[in-house]
Amino acid sequence: MYAYLAGVLDAEGAFCIRDNKGEAYSSLVKIAVTNEPLIDWVNSLFPGSKSKTVYTSRCGRDIHTLTIYGKKRIEVILLAVLPYLIEKREVVNAVLQFVRLDNTWNKEKRRELFELVKSLQVRNKTPTTNTPNTAPAVKIESELTGDCE
């Protein structure tokens, strides 16, 4: 169960530390998918703030989101999926350090972890190969078709 959830979060999830105008930092876990029953299942395991967003996917489907706040709730979900993560393991380790900081105000350490997560998220972005300026030898054309086609 947690291995499956880790796969979903590796692909469609976000583990974040937010900078609240340089004064404070907060963390969250967010998942956004077109499959509402998947959101309901995750919400049954780790209750959060569920919503159907006002925007739609490029296929015209509604996007459903679940956002989990709160240090203890975030720590529980991170520990559940960490052993199974592949792509976002480093990000999760940094967010886990953040939520485990004691209640003493340590602005420098919080800022350091915020910057680390930010840099890891940029590094993990999927490269785009089929852009107008890409050389033909580099372009990758898939034989697979999505459900939008």
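Let me start with the two helices, H1, which covers residues 2-12, and H2, which covers residues 36-45: in this predicted model, their axes come within 12 Å and cross at roughly 125°. That angle makes H1 oblique to H2, and the crossing of the two helices is left-handed. If you look at who makes the contact, H1 contributes Tyr-4, Leu-5 and Val-8, while H2 contributes Leu-38, Trp-41 and Val-42. Sorted by class, this contact of H1 with H2 has 6 nonpolar residues, with no polar and no charged ones.

Please keep Val-42 in mind, since that residue of H2 takes part in the helix contact and also appears in the lining of the largest cavity, which is my second topic.

How many cavities of 30 Å³ or more does a search of the whole structure find? The search finds 1, and the space in the largest cavity comes to about 30 Å³. Around that space, the lining consists of Leu-9, Val-29, Lys-30, Ile-31, Val-42, Leu-66, Ile-68 and Ile-77.

Which strands, then, each supply at least two residues of this lining? They are S2, spanning 24-33, and S4, spanning 62-68, and of these S2 gives the largest share of the lining, namely 3 residues. By class, the lining of the largest cavity has 7 nonpolar residues, no polar ones and 1 charged one, and the charged residue in that list is Lys-30.

So much for the cavity; I am happy to go back to the helix crossing if anyone would like to look at it again.

Key:
Residues numbered from 1 in each chain as written. Predicted model: local features only at pLDDT ≥ 70, side-chain atom pairs only at ≥ 80, totals over all residues. Heavy atoms only, no water. Axes fitted to C-alpha atoms, helices over the stretch in contact; angles between N-to-C directions. Helix = DSSP H or I, 4+ residues; strand = E, 2+ residues; numbered from the N terminus. Parallel < 35°, antiparallel > 145°, perpendicular 65-115°, else oblique. Left-handed = near helix turned anticlockwise from the far one by under 90°. Contact = heavy atoms within 4.5 Å. 1 Å grid on protein atoms, 1.4 Å probe; cavity = no way out; pocket = protein on both sides within 12 Å on 5 of 7 lines; lining within 4 Å. Points joined across faces, edges and corners; volume = space filled by probe spheres on them.
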